Amino acid sequence: MEEKNLKRLEYYKVLEQLAAFAGSPLGKERALALRPVDDPVVILRWQDEVSEGRKLLRLEPTAEMGGWKDIRQQLQRAGRGAVLEPEELIAVADTLTAGRIIKSFLAERQEIYPLLHGHAFFITPLLDLEKRIENAILPGGEIANHASPVLAQTRRKLAGAQLSIKNYLENMIRSPNYQKYLQDSIVTIREGRYVVPVKIEYRAQVPGIIHDQSASGATLFVEPMAVVDKNNELRRLVVAEKQEIQRILAALSEGVAQNLEGIKTSLSTLGELDFIMARARYSQRLDAWAPILADEAVLDIRQGRHPLLKGDVVPVSIRLGEDFDTLIITGPNTGGKTVTLKTAGLFALMAQSGLHLPAGENTRLGVFQRVFTDIGDEQSIEQSLSTFSSHMTNIVEIVSQSGLDCLVLLDELGAGTDPVEGAALAQSILEKLHGAGARTIATTHYSELKNFAYARARVENASVEFDRATLRPTYRLLIGKPGRSNAFEIALRLGLPAGLIERARDFLSVEQVQFEELVSNLEKAQQEAETDRAAAAKLADEARAIKEKHEELTAELAQRREEILSKAGEEARALVKSAKMEAESAVKELREKIAAESTRARENAIKAARDKFGRLQHKVSRAVPEKVIAGQVPTVLLAGQEVLLPKFNQRGYVIEPPGAGEKEVQVQVGIIKMNVPVKDLRMVEQPKIGGGRSEVAGMLLDKTRDISVELDLRGQYAEEAMLTVEKYLDDAYLAGLPRVSLIHGKGTGSLRTAVHRLLKGHHWVKSFRLGEHGEGGYGVTIVELAK
């Protein structure tokens, strides 16, 4: 892509906006150096990287992807053998730390962010060097005492020497014998040596070395002879300290130099990740999304918003390359023709640069090998070129170089010269570009080009909409409709006499008048069609909403009816069960009362009582319908056949098929055998035929596979936990587990006490104990189950 075309489409302004979202100089440099490519594989990868970055911003907005420094100069100096300053080494350590954290963060989420993790893979963790620098240098840049044993020892001696000198001089300035000789009772430092301020007239009374004199000349700063040797030792220790610090910095700098390539690769990777996240943040800022990449050179921009426009931007929809290859846009000035042209070109460049587009869903763009533009007034005084000549110079280059898979954008084609000749020249240029297979969008005021579009296959008219009521453009692009200048309407609204307007119309040719009337009628019909379509869409949405509400209410009523019937049935069955228990009690009492009577009379009385309660049960069962159970009732039952018991939500196996006329069948569910009405059974989708005993063993095997060896009771109340433990012990015993763990937590111990109370004397429990170290301690109880 030529730089001049990128500049005309304001591509570099987009890059400046993008660079503002980078968090590092490396990311900004990459953003400003970004250029469109024509490799679909690269474009798709770049787009997917931005999409992953958007996902990271959405799912983990607080994730830290920064914290590192631009250490390229430090690495360059270390590579030349220079000794890095403490602040430079801290910057290296911070970068190593940030890289290690980012690599670990993305490695833990490589399935969510595979492309970002692919970049982070090249970050080289250097934990040893990182820790050496952090241990040796404090955050403020000072070398730590523990950076080396020699430094620690030297600083201890240094502190002792300083203390000794200070103590001596403190005693001296407090001594009555010296106070009258001193200007002030203080100890200060000159040229790195401890001195005292002596009055100049008492110079002889304080023997020593003069290091400085006050501005007034009244005070001399004297190093007493008694501390000269001590100050000399102090200076020696200071030099030794500096030498040891230099040695430490040199060793750390050597460590950086030895790992130079790995650190450079890590730094480059961090810059690339910052660049990706900058594109993601820019996409988020524009409310942009990844376009669909087409196999052919097409444009299908839906509700696109120019990224450089501020305020309430009117979106524009542009199509090119599917139904037509050349689009001619007409309409008044300031109507948005040039913005539409730039939007189409800029979107093509952004998409091929791996940037998301601020456009609607299903926006689709192909890959263009080259993008040519002729936009704006490029009059050149230096080259003595007029506006027309400047445009022609560009167009000559475009015509000679454009072809298939090229996008050509021409603004005000043929302008700047005689209208008749300009229109003819514009038609010739468009015909040439159309024949070469280029995708072309041109803006113009020439009505002749409208007719050109009507007379050519795969050439289409378009216009920017103009509101004749307000005399203002709406900035909407109307494809399939040529534009009008609206000069008469604007002049009339601004106050030009109507007579002049009518006289002007007389100067129009018959063909022009007919064409304008045709365009006006088309515009009116299209506006009416759009109004009708909007009304129909609104009615369709309302009907859809009513239908969804109706379906929701129907489902809710059906569910409530099912719940009411189920509840009524359960209450009725509970009533029958209670009545049956009362009946059995009555039968028992009856037997006791008539124990002395004959056996036949006794049994007759019992039978009469049971018949009475049976009629009661039948009456209640008929009054309340049972819950409808889905599924097919088996017509033929075989021994060992698997069946479903919906009332118990269990599967069982037929032990013995029912005889002729029998309505009940014996079924085994787990270790329980029961008689079940045939009507309460349902067929299973894939029944297993086999012996009842082997199927039970299979069920136990399934339970062994499903049940866990531990039960977590934390957060449950004691009563709830006891029921859970009871069921769990039954399942564990049936599954044949030898040992299980009950996790009750430490807490107050109330739950543990309740669990132990239950376990004592339980028929499945052989023994139990608290967990040992590594088993959970006294927050877990280990239970040995009986065999």
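With which side chain does the side chain of Thr188 make a polar contact? The close-up views below, taken from a predicted model, begin with this residue.

**View 1. Thr188 and its surroundings in strand β1.** Thr188 has its place in strand β1, which covers residues 188-190, and its side chain makes a polar contact of 3.4 Å with the side chain of Arg190. With a relative accessible area of 19%, Thr188 counts as buried, because the cut-off for that class is under 20%. When residues up to four places away in sequence are set aside, Thr188 touches Arg193, Tyr194, Val195 and Phe221.

**View 2. An open sheet of 6 strands with mixed pairing.** The strands of this sheet follow the order β10-β11-β12-β8-β13-β14. Its edges are formed by β10 (370-374) and β14 (472-479), each of which pairs on one side only. On average, and with direction ignored, neighbouring strands of the sheet are turned by 15° against each other.

**View 3. The pairing of strands β8 and β13.** Strand β8, made up of residues 326-330, runs parallel to strand β13, made up of residues 459-467, and 5 bridges join the two. One of the residues to look for here is Thr326, whose bridge partner in β13 is Val459.

**View 4. Helices α13 and α15 against the sheet.** Helix α13, spanning residues 337-351, lies across β8, β10, β11 (406-410), β12 (439-444), β13 and β14, and runs at about 160° to β11. Helix α15, spanning residues 419-436, also packs on the sheet, where it touches β8, β11, β12 and β13, and its direction makes about 170° with that of β11.

**View 5. Arg8 in helix α1 and its contact with Asn394.** Arg8 belongs to helix α1, which covers residues 3-8, and is buried, with a relative accessible area of 13%. The side chains of Arg8 and Asn394 are joined by a polar contact of 3.1 Å. Although Arg8 and Leu346 stand 338 residues apart along the chain, their C-alpha atoms are separated by 9.6 Å.

**View 6. Leu492 in helix α17.** Helix α17 comprises residues 487-493, and Leu492 has its place within this helix. Is Leu492 buried, partly exposed or exposed? Its relative accessibility is 45%, so Leu492 counts as partly exposed, the class that lies between the cut-offs of 20% and 50%. Leaving out residues up to four places away in sequence, Leu492 touches Ala498 and Ile501.

Technical notes:
Residues are numbered from 1 along each chain as its sequence is written. This is a predicted model: local features need pLDDT of at least 70, side-chain atom pairs count only at pLDDT 80 or more; totals for chains, interfaces and linings use all residues. Side-chain values use heavy atoms; hydrogens and water are left out. Helices (H or I, at least four residues) and strands (E, at least two) are DSSP runs, numbered from the N terminus. Buried means under 20% relative accessible area, exposed over 50%, partly exposed in between (1.4 Å probe, protein chains only). A polar contact is a pair of N or O atoms within 3.5 Å; within protein, one must be able to donate a hydrogen and the other to accept it, and residues adjacent in sequence count only if both atoms are side-chain atoms. Contact means heavy atoms within 4.5 Å. Two strands pair if DSSP finds at least two bridges between them. Axes are lines fitted to C-alpha atoms, for helices over the stretch in contact, and angles run from 0 to 180 degrees between N-to-C directions.
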